[in-house]
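Student: I have the model open and would like a close look at one part of it. Please start from a single residue and its backbone, and then connect that spot to the rest of the chain.

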Amino acid sequence: AIRDVAGLKGVQIKITAFGEQIGALSGFAAQPVLTPLPPIPAMGPFLASVTIADGAGDKLAVSYFDFNMGREDQLRALLRGDIPDLLEIRGLTAYVTITARDLPTAAKQLNLGPVPEGPLMLYGKVEDTGPARYKVEGLRFEAGGSDIGGDATLSLAGKQPSVEADLSSSM
């Protein structure tokens, strides 16, 4: 619903998309808004939900997004968060979780080469901290009997990207 269309006030729109095969979206486009999507591996079902609403300071916001893709027995990805300034795409906060019971099976789905045996787990919180700058907190990666975790910052500003990280392992 939109109470004031011209002023974009009173906005509350929920969009949901789902399907049995995320790979079927390869090449999908809605010109001129969305250019064709790149090839997407056949990774199983997906469910995406986005709520667009009034944000702080008269900004249009994604007050909540939730993307769930894949299967428990293969590769599963979950992405949840918000974007306080949708038109400028600023302020993103996203919680990311990627799991696979068997990493070689997941790698085969993605046409990757050999990978270590065992499960995969990756999770963390990603925040937009400024123009082309991101902070990753609570990063945790476990695969092949090894692990690493910590916090990092990523800058895509300037001529070369840069990463600063404080990581550790229990190994």
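Tutor: Let's start with Ala 132, which counts as partly exposed because its relative accessibility is 31%. Please keep in mind that we are looking at a predicted model. Ala 132 sits in the loop that links strand 7 to strand 8 (133-143). Its phi is positive, about 60°, even though the residue is not a glycine.

Asn 111 is worth setting beside it. This residue is not a glycine either, and its phi is also positive, at about 60°. You will find Asn 111 in the loop that runs from helix 1 (103-109) to strand 7 (120-130). Asn 111 counts as exposed because its relative accessibility comes to 71%. A positive phi also turns up in the hairpin of strand 3 and strand 4, where Gly 57 has a value near 65° and five residues lie between the strands.

Back to strand 8 for a moment. There, the side chains of Arg 140 and Glu 142 meet in a salt bridge, with 3.3 Å from N to O. Arg 140 is partly exposed, given a relative accessibility of 22%, and Glu 142 is partly exposed as well, at 30%. Besides this pair, Lys 125, Glu 127, Lys 135 and Glu 137 are joined into one network by salt bridges that share partners.

How do these loops and strands fit into the whole chain? Reading along the sequence, you pass through the pattern β-β-β-β-β-β-α-β-β-β-β, which amounts to one helix and ten strands. The C-alpha atoms occupy a box of roughly 55 × 40 × 30 Å along the principal axes. Of the 171 residues in the chain, 27% are buried.

The salt bridges come to ten by the count used here. One of them pairs Asp 85 with Lys 59, and their closest N and O atoms are 3.6 Å apart. Asp 85 belongs to the loop between strand 5 (75-83) and strand 6 (93-100), while Lys 59 belongs to the loop between strand 3 and strand 4, so this pair ties together parts that are 26 residues apart in sequence. The two partners sit in contrasting surroundings: Asp 85 is buried, with a relative accessible area of 9%, whereas Lys 59 is partly exposed, at 41%. Another salt bridge brings together the side chains of Glu 88 and Arg 90, at 3.9 Å from N to O. Glu 88 is partly exposed, with a relative accessible area of 47%, and the value for Arg 90 is 47%, so Arg 90 is partly exposed too.

Lys 59 brings us back to the hairpin that holds Gly 57, so let's follow its two strands. Strand 3 and strand 4 pair in the antiparallel sense, with nine bridges between them. Within this pairing, Ser 49 has Asp 66 of strand 4 as its bridge partner. Strand 4 is also home to Asn 68, which counts as buried because its relative accessibility is 16%. The side chain of Asn 68 makes a polar contact of 3.1 Å with the side chain of Arg 76. Asn 68 and Pro 45 are 23 residues apart in sequence, with their C-alpha atoms 8.3 Å apart in space.

The hairpin strands also help to form the largest pocket. Rolling a probe the size of a water molecule over the atoms shows where empty space is left. The largest pocket holds about 700 Å³ of space. Strand 2 (9-19), strand 3 (46-54) and strand 4 (60-70) each contribute at least two residues to its lining, and strand 3 gives the largest share, four residues. In total, 20 residues line this pocket, and those nearest its centre are Ile 15, Leu 34, Leu 37, Ala 48 and Val 50. What is the character of that lining: nonpolar, polar or charged? The lining divides into 18 nonpolar residues, two polar ones and no charged ones.

Notes: Residues numbered from 1 in each chain as written. Predicted model: local features only at pLDDT ≥ 70, side-chain atom pairs only at ≥ 80, totals over all residues. Heavy atoms only, no water. 1 Å grid on protein atoms, 1.4 Å probe; cavity = no way out; pocket = protein on both sides within 12 Å on 5 of 7 lines; lining within 4 Å. Points joined across faces, edges and corners; volume = space filled by probe spheres on them. Nonpolar A, V, L, I, M, F, W, Y, C, P; charged D, E, K, R; others polar. Pairing = 2+ DSSP bridges. Salt bridge = Lys/Arg side-chain N within 4 Å of Asp/Glu carboxyl O. Buried < 20%, exposed > 50% of the residue type's maximum accessible area, 1.4 Å probe, protein only. Polar contact = N/O pair within 3.5 Å; in protein donor to acceptor, adjacent residues only side chain to side chain.
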